[in-house]
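Visitor: I have a model open in front of me and would enjoy a guided tour. Could you take my questions one at a time?

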Amino acid sequence: MNTHQPLVTLVGAGPGDPDLLTLKAVKALQAASVVLVDDLVHPDVLAHAPASARIIHVGKRGGCQSTPQAFIEKLMVQEALAGETVVRLKGGDPLIFGRGGEEKAHLEAQGIAVRVVNGLTAGLAAAHDLGAALTHRAHAHGVVMVTGHASGAGPLPPVDWPQLAQTAHDCKLTLVVYMGVQSAAALEMGLLQGLPPDTPVAVVEHASQPRQRHALGQLQGLQKLLADEQLGSPAIIII
Ligand code: SAH
């Protein structure tokens, strides 16, 4: 009989560069018998799992073919109850967007213990690649991490871009937008209602990776910048 409480470890794989894994993440992978992997995770990261571990790819890029969230959650429960040492490997930090919080809550509701190993989130890797200090004392009092994808289809109303822009302007906050490429037009239009047109913006695609590309511009023209530079997902927009 298996006397251990079933456990799933949610592990942050970082933004892509396999050298940005934490030692804790490496140790969790070394101990895994089953690994469920998102598609933004660099393949070299998986080399830390034992050769005998079962690797299951459950990626679901926005808008693309996807493994339904309910199926992923069911699979994790099933494997944990079967006594497997389950690692759920997620891009960046497991609890910054990407539904990590929902997965944790679902598992706990099923009586499964959850351990979280945090990872370096893409927004910080993007700032690093630009050599930019998100909280430079001369420019910002703080940072807001915000999704550009919130259409209102989820449990919350959509992001109020004009209001956020006003707050960022008044309180001197840097905005770090995840999943913002598809909605760049709405983002630009909304933010221009509270921030000056010449507010500096940067877009970083594939942060921390050899294929990283980025562009600098101004808030007015953000959408054109993305189109001209052919920057696409995954990208972070810093405003
Ligand atoms: N948990 C992840 C975020 C998941 S949401 C984290 O903490 O980083 C997915 C979004 O993250 C993408 O749409 C993109 O905006 C951003 N992203 C993830 N990896 C990225 C990378 N290497 N470079 C730029 N953006 C990235």
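Guide: Gladly, and please keep in mind that this is a predicted model. A good place to begin is E103, which sits in helix α3.

Visitor: Is E103 buried or exposed?
Guide: The cut-off for a buried residue is under 20% relative accessible area. E103 falls below that cut-off, with a relative accessible area of 0%. Its contacts, leaving out residues up to four places away in sequence, are L10, Q69, I72, E73, M76, R88 and K90. By its accessible area, then, E103 is buried.

Visitor: And K27, is that buried or exposed?
Guide: K27 belongs to helix α1, residues 23-30. Exposed residues are those over 50% relative accessible area. K27 has 58% relative accessibility, so it counts as exposed.

Visitor: How far apart are the C-alpha atoms of K27 and M179?
Guide: K27 is in helix α1, while M179 lies in the loop between β7 and α6. Along the chain they are 152 residues apart, and the separation of their C-alpha atoms is 30 Å.

Visitor: Let's move to the ligand. Which residues come nearest to it?
Guide: The ligand has 18 residues around it. By class, that shell holds twelve nonpolar, five polar and one charged residues. Those that come nearest are I96, T121, M179, A207 and A235.

Visitor: What distance separates a backbone N or O atom of M179 from an oxygen atom of the ligand?
Guide: Polar contacts are pairs of N or O atoms within 3.5 Å. A polar backbone atom of A122 is 2.9 Å from an oxygen atom of the ligand, and a polar side-chain atom of Q209 is 3.5 Å from a ligand nitrogen atom. For the backbone atom of M179 and a ligand oxygen atom, the distance is 2.8 Å.

Visitor: How much of the area that the ligand exposes alone does the protein bury?
Guide: Taken alone, the ligand exposes 550 Å². Of that area, the protein buries 92%.

Visitor: What is the phi of M179?
Guide: Most residues other than glycine have a negative phi. M179 is not a glycine, yet its phi is positive. With a relative accessible area of 40%, M179 is partly exposed. Its phi is near 55°.

Visitor: Where is R99, which also has a positive phi?
Guide: R99 is not a glycine, and its phi is about 65°. Its relative accessibility is 41%, so R99 counts as partly exposed. Its place is the loop between β4 (86-90) and α3 (100-109).

Visitor: Which peptide bond is cis?
Guide: Most peptide bonds are trans. Here, P234 lies in the loop between α7 (222-228) and β10 (235-238). With omega near 0°, the cis bond is the one from S233 to P234.

Visitor: Why do the buried residues of α5 line one face of the helix?
Guide: In α5, residues 161-171, the buried residues are W161, L164, A165 and A168. An α-helix has 3.6 residues a turn, so residues three or four places apart point the same way. Seen down the axis of α5, the buried residues line one face because they fall within an arc of 100°.

Visitor: What covers the buried residues of α5?
Guide: The cover includes two strands and a helix by their labels: β6 (142-147), β7 (173-178) and α6 (184-191).

Visitor: Last one: which residue follows α5?
Guide: At the start of α5, a side-chain oxygen of D160 comes to within 3.1 Å of the backbone nitrogen of Q163. After the helix comes a residue with a positive phi, near 60°, and that residue is K172.

Note on methods
Residues numbered from 1 in each chain as written. Predicted model: local features only at pLDDT ≥ 70, side-chain atom pairs only at ≥ 80, totals over all residues. Heavy atoms only, no water. Near = heavy atom within 4 Å. Polar contact = N/O pair within 3.5 Å; in protein donor to acceptor, adjacent residues only side chain to side chain. Areas by Shrake-Rupley, 256 points an atom, 1.4 Å probe, with all protein chains shown as cover. Nonpolar A, V, L, I, M, F, W, Y, C, P; charged D, E, K, R; others polar. Buried < 20%, exposed > 50% of the residue type's maximum accessible area, 1.4 Å probe, protein only. Helix = DSSP H or I, 4+ residues; strand = E, 2+ residues; numbered from the N terminus. Arc of directions from axis to C-beta. Contact = heavy atoms within 4.5 Å.
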